[in-house]
Amino acid sequence: MKKFLVGAATLVSLMMPWQASAEDAVSSAEALLHQMDVASRELSYELSYILIKKNSIEPLRYSHAQIDGETFAQLVYLSGPPREVIQRGSEVSYFEPGLDAFTIDSNKMVAPLPPMMKVDVDDLAANYDFISMGRAREAGVACDVVRIAPKDGTRYSYLLWVANHNNLVMRADLLDRDGEPLEQYRAVSYVVNPKISDVLKKRLVSVERPVVVQLPPQPQAELGWKVKWLPQGFESVSRNRHRLLMTERPVESKMFSDGLFSFSIYVGEADGFTVREQLVRQGRRTLHSYMKGNVEVTVVGDIPPATARRVAESVSFTVQPPAKADAVQ
């Protein structure tokens, strides 16, 4: 699929101009994002949408309600083998053919949901500009359009279509640094109704909860390297030592996030599987491997290739990464 159904740039050119000063437009855009956040957390709704990538279209249905102060939600994949994700309060269960169903203690699904759900808008404001782009029509309803653009140009941006009457996201385009869409979330149909909470509760309560997976504590290990350059706003959220699944090679890793996007850095001694240097981007995901002497540095995550390369090349060492099995925790 060489082009998406409608290019983001074409749609923006057709939008009605927003009649307000630049300062008012920024304030209005930020206020709209706060309203969108409240709506996505508090309303009882069911949203059917398609996730469009360069070479695929995935139809999904997301149902959500707040019941007795807790979140009940269900994401169903509507094509291919039956798959779904269920959230009941602080537990999220995953069901997929060929794998044993399992539950983890979490308040957030790891799944292809429309962006900006459970994201702190105030935290993003330090590193992103919120820009009112006008008004347009999507999924049959009038929408306000907002762009979430990085202030430093080192990461991707979003273009959001937010419904006027309920503040839910009807469409979201993930854009690269040239403004070309990498992914699109597009609503096909939706229902907002308090009765959805009753239906959803009955549906999910009847589903047998899989075994809760007890994840071992991840020690915040002191690693023998540091990163000299990061895009503004990215902070370390975890670090550990472990083995790669396929090769059993010991590596050290750190994960970084700015609240909207994330990436990880893996450092380990080179072996027979190591490629001298490679740069691969598939949709939003970039993988960049870089050799420093006999050490391989790999950056993987939702950042542009140029950013991944700069992060990898900024890694410096205080001691060599562990190469022996007894050095791995």
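**Exercise 1. Is Tyr 45 buried or exposed?**

Work it out, then follow the ring of Tyr 45 to its partner.

*Solution.* Before starting, note that this is a predicted model, where local features need pLDDT of at least 70, side-chain atom pairs count only at pLDDT 80 or more, and totals for chains, interfaces and linings use all residues. Residues are numbered from 1 along each chain as its sequence is written, and side-chain values use heavy atoms, with hydrogens and water left out.

Step 1. Check the cut-offs: buried means under 20% relative accessible area, exposed means over 50%, and partly exposed is in between (1.4 Å probe, protein chains only). Tyr 45 has a relative accessible area of 1%, so it is buried.

Step 2. Look for ring partners. Rings of Phe, Tyr and Trp (its six-membered ring) pair if their centres lie within 6.5 Å; planes under 30 degrees apart count as stacked, over 60 as edge-to-face and the rest as tilted. The structure holds seven such aromatic pairs. In one of them, Tyr 45 meets Tyr 62 at 6.1 Å centre to centre with 55° between the planes, which makes a tilted pair.

Step 3. Place the two rings. Tyr 45 sits in strand 1 (residues 45-53) and Tyr 62 in strand 2 (residues 56-67), 17 residues apart, and the pair links distant parts of the chain. Strands here are DSSP runs of E, at least two residues long, and helices are runs of H or I, at least four, both numbered from the N terminus. Tyr 62 comes out at 5% relative accessibility, so that one is buried too.

**Exercise 2. Find the edge strands of the 11-stranded open sheet, and look at what strand 6 pairs with.**

*Solution.* Step 1. Read the order: 6-5-4-3-2-1-11-10-9-8-7, with antiparallel pairing. Two strands pair if DSSP finds at least two bridges between them.

Step 2. Go to the ends. Strand 6 (102-105) and strand 7 (128-138) each have a single partner strand, so one side of each has no neighbour in the sheet. From one strand to the next, the twist averages 15°; axes are lines fitted to C-alpha atoms, for helices over the stretch in contact, and angles run from 0 to 180 degrees between N-to-C directions.

Step 3. Zoom in on strand 6. Its antiparallel pairing with strand 5 (residues 91-95) runs over four bridges, and Tyr 94 stands opposite Phe 102 of strand 6.

Step 4. Compare burial. Tyr 94 is buried at 13% relative accessibility, whereas Phe 102 is partly exposed at 32%.

**Exercise 3. Which residues have the most contacts inside the largest nonpolar core?**

*Solution.* Step 1. Define the core: a set of buried Ala, Val, Leu, Ile, Met, Phe, Trp, Tyr and Cys residues joined through side-chain atoms within 4.5 Å. The largest has 65 residues, and the best-connected ones are Tyr 62, Leu 75, Met 116, Ile 148, Leu 160 and Ile 265.

Step 2. See who contributes. Strand 9 (residues 157-163) gives the largest share of this core, six residues. There's also a second, separate core of six residues, including Phe 72 and Leu 200.

Step 3. Try one hub. Contact means heavy atoms within 4.5 Å. Setting aside neighbours within four places in sequence, Leu 75 touches, among others, Tyr 49, Tyr 62, Val 85 and Met 109.

**Exercise 4. Trace the side-chain polar contacts of Thr 298 and Arg 186.**

*Solution.* Step 1. A polar contact is a pair of N or O atoms within 3.5 Å; within protein, one must be able to donate a hydrogen and the other to accept it, and residues adjacent in sequence count only if both atoms are side-chain atoms.

Step 2. Thr 298, in strand 18 (residues 295-301), is buried at 11% relative accessible area. Its side chain makes a 3.1 Å polar contact with that of Ser 289.

Step 3. Arg 186 lies in strand 11 (residues 181-192) and is buried at 12%. Its side chain joins that of Glu 138 through a polar contact of 2.9 Å.

**Exercise 5. Where does Ala 139 lie, and what stands out about its backbone?**

*Solution.* Step 1. Ala 139 is in the loop between strand 7 and strand 8 (141-150).

Step 2. Its phi is positive, about 55°, although Ala 139 is not a glycine. Most residues other than glycine have a negative phi.

Step 3. Now compare Asn 167, in the loop between strand 9 and strand 10 (169-175). Its phi is positive as well, near 65°. Asn 167 counts as buried at 19% relative accessibility, while Ala 139 is partly exposed at 28%.
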